[in-house]
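User: I would like a close look at a single part of this model, followed by a connected account of what lies around it and elsewhere in the chain.

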Amino acid sequence: MSSHRSEPSSPASTSPSAAPARPGAPEIPATLGRHGWTAADEAAFAPRRQAGLSPARVVRRDRGRCELITEHGPRFAEIDRAIPADPVSSPCTGDWVAVGSATLLETATALGAAVPDAGIGPAGPMVMEVLPRRSALVRSTASRRSTGQVLAANVDLVLVVAALTEPLRPARLERLVALAWESGAIPLIVLTKADLAPAGHTTAGPDPFWHTALASLAPGVGVRTVSAQDGRGMDELRDELAGSSPGGRTTVLVGPSGVGKSTLANALAGADRLAVGAVRGSDGKGRHTTVRRELIPLPSGGVLIDTPGVRGIGLWGSGDGVDTAFAEIVDLAATCRFTDCEHRTEPGCAVLAAVEDGTLPERRLASYRKLQRESRWMRTREDARLAADQRAQWKRVHKEQRQLYADRERHGRHR
Ligand SMILES: Nc1nc2c(ncn2[C@@H]2O[C@H](COP(=O)(O)OP(=O)(O)OP(=O)(O)O)[C@@H](O)[C@H]2O)c(=O)[nH]1
Ligand SMILES: [Zn+2]
């Protein structure tokens, strides 16, 4: 339902040649440049190139293989067995990977008769290495067997989406913002459906009530007010996503159902997102069927990652389930010598003893600590006095909101 009129032209997305680079900087393959690959990345990759590898970005992860954007366009690739298969180490959407060639025989063995149709070609690509991530959105799992699942990698910007037509939900927003910070990305709150919101929400910022509320629950976090319906705020948002660095930013959308994430993604991505079906490699050799676009280069610059897993991240639980999920550690901790034991260096620590004798996997303790940090952050935010202040604030905000809606209803839908 994109209704924006002007689509800022972007040389990076239309130029068939390599993206412009600083003098002396290595050339960047155009397809990769559109997906965020920079001259600095290329320079760092040089030794791997010399070893015959080439860079690619993971668009989608299927069970046994990946869909990649390579310098020759989209490709399916197998994953080398040397890469650990756990949900943290193995490639996920947004990862940059080093790709080598599998022999036809290996490919054929792995994929059977599907080889020619899958467009793998005579020597299909093989993901040999996941390059170091600069950020990772992780879904923590309560499962004892894993420490979490990486849902998206190398994300720069997390758009925490909320609709102005719904009451502000402080705890949820805080959790999503915390999650964004935790991932290594930068959160940006996007308030949608400004066309339906009370007067006072402008491109420059939300009305004073929301503004005060957001400033206290997400200090230092930018806020954008948009409407995909009438296009307001969209150009500013596009600029934000494009960023100022050559590769543009990689952005994800998070937030509950119905706040307008799909609508926003469509407005940002234009027709690109709707490209469903056969995609032909730029060399004309391979034919690929793209079921769903989950890593989308934006016409105005930057890359959008939009996967169902990422969208819903952080919407379950509230961080206080940590102790339930790690009940055995809580039990052990009850027998530590010191009641305020942090299980780090304290003498008589039952938790460390259990790690020592192998009954508690160290990984599990690390995971517990990570989640505890997150939930401690939440608790700080929920400090009693602050919470009371905030409650009063929300009451004012909601009252004001109701009043504005009521006025609007009375005076018709005009401003
Ligand atoms: N008036 C108005 N309606 C909007 C706007 N953005 C989204 N909507 C409507 O809000 C409803 C929900 O939007 P979606 O984009 O499907 O929301 P979503 O967050 O993607 O929801 P899920 O797909 O369930 O995650 C749809 O009916 C949209 O048409 C907006 O800016 N203005
Ligand atoms: Zn202890």
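Is Asn 154 buried or exposed, and what is its relative accessible area?

Analyst: In this predicted model, Asn 154 is buried, with a relative accessible area of 2%, a value that falls under the 20% cut-off used for that term. Asn 154 sits in the loop that runs between β7 (149–153) and β8, and its backbone is worth attention, since phi of Asn 154 is near 55 degrees, which is a positive value in a residue other than glycine.

The strand on the far end of that loop leads to the cavity. A search of the whole structure finds one cavity of 30 Å³ or more, and about 100 Å³ of space lies in the largest cavity. The elements that give two or more residues to its lining are β8 (157–163) and α6 (170–183), with β8 giving the most, namely four residues. In total the lining of the largest cavity has 14 residues, and those nearest the centre are Ala 162, Pro 167, Arg 169, Arg 172 and Leu 173. By residue class, the lining of the largest cavity divides into eleven nonpolar and three charged residues, with no polar ones.

A positive phi in a residue that is not a glycine is also found at His 343, where the angle is about 55 degrees. His 343 belongs to the loop between α12 and α13, and it is buried, with a relative accessible area of 8%. Arg 344, which lies in the loop between α12 (327–333) and α13 (350–356), is by contrast partly exposed, its relative accessible area being 49%. When neighbours within four places in sequence are left aside, Arg 344 is in contact with Leu 352 and Arg 369.

For a helical element, consider α3 (residues 39–50), which has twelve residues and reaches 16 Å from its first C-alpha to its last, close to the 16 Å expected at 1.5 Å a residue. Within α3, Ala 39, Glu 42 and Phe 45 are buried. Viewed down the axis of α3, the buried residues fall within an arc of 110 degrees, and they therefore line one face of the helix. Those buried residues pack against β1 (54–61) and β4 (96–101), whereas on the other side of α3 the residues Ala 44 and Pro 47 are exposed. After α3 comes Gly 52, whose phi is positive as well, near 90 degrees.

These parts can be placed in the chain as a whole, which has 15 helices and 15 strands. Of its 415 residues, 48% are buried, a group that includes Asn 154 and His 343. As for how the chain is connected, if one takes the contacts between residues at least 6 apart in sequence, 68% of them join residues at least 24 apart.

To return to the part you asked about, Asn 154 combines a relative accessible area of 2% with a positive phi, and it does so in the loop between β7 and β8, the latter being the strand that gives the most residues to the lining of the largest cavity.

Methods. Residues numbered from 1 in each chain as written. Chains lettered and ligands numbered in written order. Predicted model: local features only at pLDDT ≥ 70, side-chain atom pairs only at ≥ 80, totals over all residues. Heavy atoms only, no water. 1 Å grid on protein atoms, 1.4 Å probe; cavity = no way out; pocket = protein on both sides within 12 Å on 5 of 7 lines; lining within 4 Å. Points joined across faces, edges and corners; volume = space filled by probe spheres on them. Nonpolar A, V, L, I, M, F, W, Y, C, P; charged D, E, K, R; others polar. Expected span 1.5 Å × (residues − 1). Buried < 20%, exposed > 50% of the residue type's maximum accessible area, 1.4 Å probe, protein only. Arc of directions from axis to C-beta. Contact = heavy atoms within 4.5 Å.
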